[in-house]
Amino acid sequence: MGGGAKEELGVVESREWYLSAYAPDGVPTSDHLQLRTLSLSLGPDSIPDHHVAVQLLWISVDPYIRSRMTGHEDGLYFSQFDLNQVLTEFGIGRVIRSKSSKFTEGDIVINPFSPVAEYCVVPTAFLRKVDSTSGISLPDYLSSLGVPGFTAWVGIEVLGNPKPGSNVFISAAAGGVGMFAGQLAKLKGCRVIGSTGSDEKVKLLKEEFGYDDAFNYNKETDFDAALSKYFPNGIDIYFENVGGKMLEAVLNHVNQGARIPLCGMISQYNKAWTEREGVSNLLNMVGKEVKMQGFLVGSYLDRFGDFMKEMEAYLKEGKVRSKHKVYSGIESFLESFSSLFSSSNSGKVVIQVI
């Protein structure tokens, strides 16, 4: 891990992933995402004021950046990467040079706009220090205490407004967001069912994450029949990660006043917008007075402090559990990113850079 980086006389060789060609549909491959090596100067005169040089330790791997690789601004919520631009993700690193009074060498920092690289020089405006004495593992700052955990919290706590006894359905339930959404709903006294892509993950949801039940969507191919079986009393909250046929089936089983927080629709990410599946039964929302709301966590940053206080307490009390799929070395990014669009992973996908 980190074998491509070597420091000599204030210069490091740093490998980074960049977008070499747009991928309008399908899972991006080495035709679109490539690794290159840059020489990065870390000398005192090479780092601007209010910047730090960071050695990356951990990098988050998230499906949403797929929408930034199509080359088409088709109404999605993030701008496109430029060709030859380094990819960016959430990252955790160690400060190795500092031209800022706020950070010193050795500080561990989180960067929401980190390049997918081994080293970088970045402004300090968006960096946040990690408390190394908290007893919380670094990958948890990218999962339960990071964007996935916050996303789950906003969807369940703020938009879902769960009540004890509510019937809650989570799709992509063993993924980086779904695993927390289900646990948070259980902590509110709800009955929680999840869908996932393998029998092994069904077992994980029930035994490790406390779901009341779960089903393998590759076996329950008639989603409407599956939801009739698992929700005989209907669905009060649907935390949406999948879209397409699953959303359509859910709308046949919603209760009066149901809430549907729209977190993502991963089944549609690799399709051109003209080929994405429509939903034929939206009329069901009218009679049942269903509230379906898309959301971006950036619009809820005023609640981040509330989230951190609640989630840190849950973690320290052992009430919320994390699971990480760890890939080793910066060179593993393409493999780890591709895995997001299969059923091969459980939990949050991260790269341990060194």
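Which residues do ring pairs link into a cluster? In this predicted model, the cluster consists of Phe169, Phe215, Tyr230, Phe231 and Tyr238, joined through ring pairs. A search of the whole structure finds 14 aromatic pairs, and the points below take up two of these pairs, one helix crossing and two backbone positions.

**Aromatic pairs**

- A pair of aromatic rings is described by the distance of the centres and the angle of the planes.
- Phe113 and Phe126 form an edge-to-face pair, with 5.1 Å from centre to centre and 80 degrees between the planes.
- Because Phe113 belongs to strand E6 (residues 108-115), whereas Phe126 sits in the loop between strand E7 (119-123) and strand E8 (128-129), this pair ties together parts that are 13 residues apart in sequence.
- Phe126 has a relative accessible area of 53% and is therefore exposed, the cut-off for that class being over 50%.
- For Phe304 and Phe307, the ring centres are 5.5 Å apart and the planes stand at 50 degrees, so this pair is tilted.
- Both Phe304 and Phe307 lie in helix H7 (residues 304-316), where they are three residues apart, about one turn of the helix.
- The two rings of this helical pair belong to residues that differ in accessibility, since Phe304 counts as partly exposed at 23% relative accessibility, whereas Phe307 is buried, with a relative accessible area of 0%.

**Crossing of helices H1 and H2**

- Two packed helices are described by the angle between their axes and the distance between the axes.
- The axes of helix H1 (residues 147-160) and helix H2 (residues 178-187) come within 8 Å and cross at roughly 45 degrees, so H1 and H2 are oblique to each other, and their crossing is right-handed.
- On the H1 side, the contact is made by Pro148, Gly149, Ala152, Trp153 and Ile156, which meet Phe180, Ala181, Leu184 and Ala185 of H2.
- Sorted by character, the residues of this contact comprise eight nonpolar and one polar, with no charged residue.

**Positive phi outside glycine**

- Most residues other than glycine have a negative phi.
- Asn84, although not a glycine, has a positive phi of about 70 degrees; Asn84 is found in the loop between strand E4 (51-60) and strand E5 (88-98), and is partly exposed, with a relative accessible area of 48%.
- Ala172, likewise not a glycine, has a positive phi of about 50 degrees; Ala172 lies in the loop between strand E9 (167-170) and H2, and is partly exposed, with a relative accessible area of 27%.

Note on methods
Residues are numbered from 1 along each chain as its sequence is written. This is a predicted model: local features need pLDDT of at least 70, side-chain atom pairs count only at pLDDT 80 or more; totals for chains, interfaces and linings use all residues. Side-chain values use heavy atoms; hydrogens and water are left out. Axes are lines fitted to C-alpha atoms, for helices over the stretch in contact, and angles run from 0 to 180 degrees between N-to-C directions. Helices (H or I, at least four residues) and strands (E, at least two) are DSSP runs, numbered from the N terminus. Angles under 35 degrees count as roughly parallel, over 145 as roughly antiparallel, 65 to 115 as roughly perpendicular and the rest as oblique. A crossing is left-handed if the near helix is turned anticlockwise from the far one by less than a right angle, and right-handed if clockwise. Contact means heavy atoms within 4.5 Å. Ala, Val, Leu, Ile, Met, Phe, Trp, Tyr, Cys and Pro count as nonpolar, Asp, Glu, Lys and Arg as charged, and the others, Gly among them, as polar. Rings of Phe, Tyr and Trp (its six-membered ring) pair if their centres lie within 6.5 Å; planes under 30 degrees apart count as stacked, over 60 as edge-to-face and the rest as tilted. Buried means under 20% relative accessible area, exposed over 50%, partly exposed in between (1.4 Å probe, protein chains only).
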